[in-house]
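I wanted a written record of what I looked up in this model, entry by entry, so that I can return to it later. The entries are kept short and follow the order in which I went through the structure.

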Amino acid sequence: MKPRSLVNIEDYDKEDILRIIETTEKFKKNPNRSLLKGKVCATLFFEPSTRTRLSFETAINRLEGRIVGFSDTATSSATKGESLRDTIMMVSNYTDLIIMRHHLEGSARYASEISQVPIINAGDGSNQHPTQTMLDIFSIYETQQTLENLTITIVGDLKYGRAVHSLIEGLSHFKPTFNFVAPDELKIPKKHKLFCDKKSIKYREFTNFSPEAINEADILYMTRVQRERFTDLMEYEKVKNIYVLRNDMLADSRENLKVLHPLPRVKEISPDVDDNPKAYYFEQARNGVYTRQAVICDLIGIDVES
Ligand code: CP
């Protein structure tokens, strides 16, 4: 039987998501445990990363597991033409878990069909980033004390943003209302709107970063316009700095509002927001360690005590 993998956030149902939140709370209280002693985990990063790779590796180190892998394909035999299939066949012979980021949409699902060990999708092109969603959902729960009936305003690159695509699906269990703020070039794809329609999720689309979209939100989820996803750089130049959140724009926002961002940011959040108590993106990134500890233990089948 194939082991359980986390490829798409839909691989986790509502009960799974709530269980991961509970386990994440335990790791946030105490992240240093011997739970992965004797386990070897692979981190295969075919695309650049700072947070995802380093938080996974920190998570594993704090659980006393061992790590093999690469952060640059130039140092792997992929540069000699080795297929993804052969790479996964080999690495799944060596290790207990594979964490993979790859530029091709669907690559993580493909890897999970080949691998003898669980695969965690650390981002596949513009498709999905499920562990980002788990840390986003944990951060939302931590700051709002609930996940139900929240208004989430999502701003920026809604077309290529894999964190956005996963977040919409992950929150779909909790009756959200979405405000989608994007220029025409980066609008939320039709399939995600159809998904919302199917689940009776309310949403509105904005092309202006209007005070209304900010002031009615419980969560303001900013995203970067991703240069690496554009084939035509002239198109990127047109939209790269289209929305910039400045501190004064939060003056009339809700008391409970938190600003999240999957990071890295470029210019879409002005540095003057960083000192506002509503800015939560660095704590959100820190939560990546604890959430990823929870997901790893869940997939390997390790019970986590309080
Ligand atoms: N949020 C995120 O995926 O960041 P990295 O690209 O640095 O891993």
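What follows are my notes on two sheets, one helix pair and two single residues.

**Entry 1, the sheet around S5.** I began by noting that I am working with a predicted model. I then looked up the strand order of the sheet that holds S5, and found an open sheet of 5 strands in the order S7-S6-S5-S8-S9, with parallel pairing. Its edge strands are S7 (202-206) and S9 (258-260), each of which pairs on one side only. For the twist I noted that neighbouring strands in this sheet are turned by 20° against each other on average, with direction ignored. I also looked for a helix on this sheet and found that H6 packs on it, where H6 touches S5, S6 and S8, and that the direction of H6 makes about 165° with that of S5.

**Entry 2, strand S5 and its partners.** Is S5, residues 151-155, mostly covered or mostly open? I found it mostly covered, with 5 of its 5 residues buried. In a regular strand the side chains alternate between the two faces of the sheet. Going through S5 residue by residue, I saw Thr-151, Thr-153 and Val-155 pointing one way and Ile-152 and Ile-154 pointing the other way, and all of them are buried.

On one side, 5 bridges join S5 to S6 (residues 177-181), and the two strands run parallel; here I noted Thr-153 standing opposite Asn-179 of S6. Following the chain through this pair, I recorded that S5, H6 (residues 162-171) and S6 make a right-handed β-α-β unit. S5 also pairs with S8 (residues 219-222), in the parallel sense and over 4 bridges, and in that pairing Val-155 stands opposite Met-222.

**Entry 3, strand S8 and its pairing with S9.** I next checked the faces of S8, and both are covered: Ile-219 and Tyr-221 on one side, and Leu-220 and Met-222 on the other, are all buried. S8 pairs with S9 in the parallel sense over 3 bridges, and I noted Lys-258 in S9 as the bridge partner of Ile-219.

**Entry 4, Val-225.** I then moved to the loop between S8 and H9 (233-239), where Val-225 lies. Is Val-225 buried or exposed? Its relative accessible area is 9%, and I therefore list Val-225 as buried, the cut-off being under 20%. Leaving out residues up to four places away in sequence, I found that Val-225 touches Asp-157, Leu-186, Phe-230, Tyr-236, Val-239 and Lys-240. As a distance check along the chain, I looked up Val-225 and Val-295, which are 70 residues apart, and their C-alpha atoms are separated by 28 Å.

**Entry 5, His-192.** This residue is found in H7 (residues 190-198). The relative accessible area of His-192 is 4%, so I list this residue as buried too. With neighbours within four places in sequence left aside, His-192 is in contact with His-165 and Glu-169.

**Entry 6, the sheet around S1.** I looked up the other sheet in the same way and found an open sheet of 4 strands in the order S2-S1-S3-S4, with parallel pairing. The edge strands here are S2 (66-70) and S4 (119-124), each pairing on one side only, and neighbouring strands are turned by 15° against each other on average, direction ignored. S1 (residues 40-45) pairs with S2 in the parallel sense over 5 bridges, and Val-40 stands opposite Arg-66 in S2. H10 (residues 281-300) packs on this sheet, where H10 touches S3 (97-102) and S4, and the direction of H10 makes about 140° with that of S4.

**Entry 7, helices H1 and H5.** At what angle do the axes of H1 (residues 14-29) and H5 (residues 130-144) cross? They cross at roughly 75° and come within 10 Å of each other, which means that H1 is roughly perpendicular to H5. From H1, I listed Ile-17, Ile-20, Ile-21, Thr-24, Glu-25 and Lys-28, which meet Met-134, Ile-137, Phe-138, Tyr-141 and Glu-142 of H5. I sorted the residues of this contact by class, and they divide into 7 nonpolar, 1 polar and 3 charged.

How values were computed
Residues are numbered from 1 along each chain as its sequence is written. This is a predicted model: local features need pLDDT of at least 70, side-chain atom pairs count only at pLDDT 80 or more; totals for chains, interfaces and linings use all residues. Side-chain values use heavy atoms; hydrogens and water are left out. Buried means under 20% relative accessible area, exposed over 50%, partly exposed in between (1.4 Å probe, protein chains only). Two strands pair if DSSP finds at least two bridges between them. A crossover is right-handed if, with the strands pointing away from the viewer, the path from the first strand over the helix to the second runs clockwise. Axes are lines fitted to C-alpha atoms, for helices over the stretch in contact, and angles run from 0 to 180 degrees between N-to-C directions. Angles under 35 degrees count as roughly parallel, over 145 as roughly antiparallel, 65 to 115 as roughly perpendicular and the rest as oblique. Contact means heavy atoms within 4.5 Å. Ala, Val, Leu, Ile, Met, Phe, Trp, Tyr, Cys and Pro count as nonpolar, Asp, Glu, Lys and Arg as charged, and the others, Gly among them, as polar.
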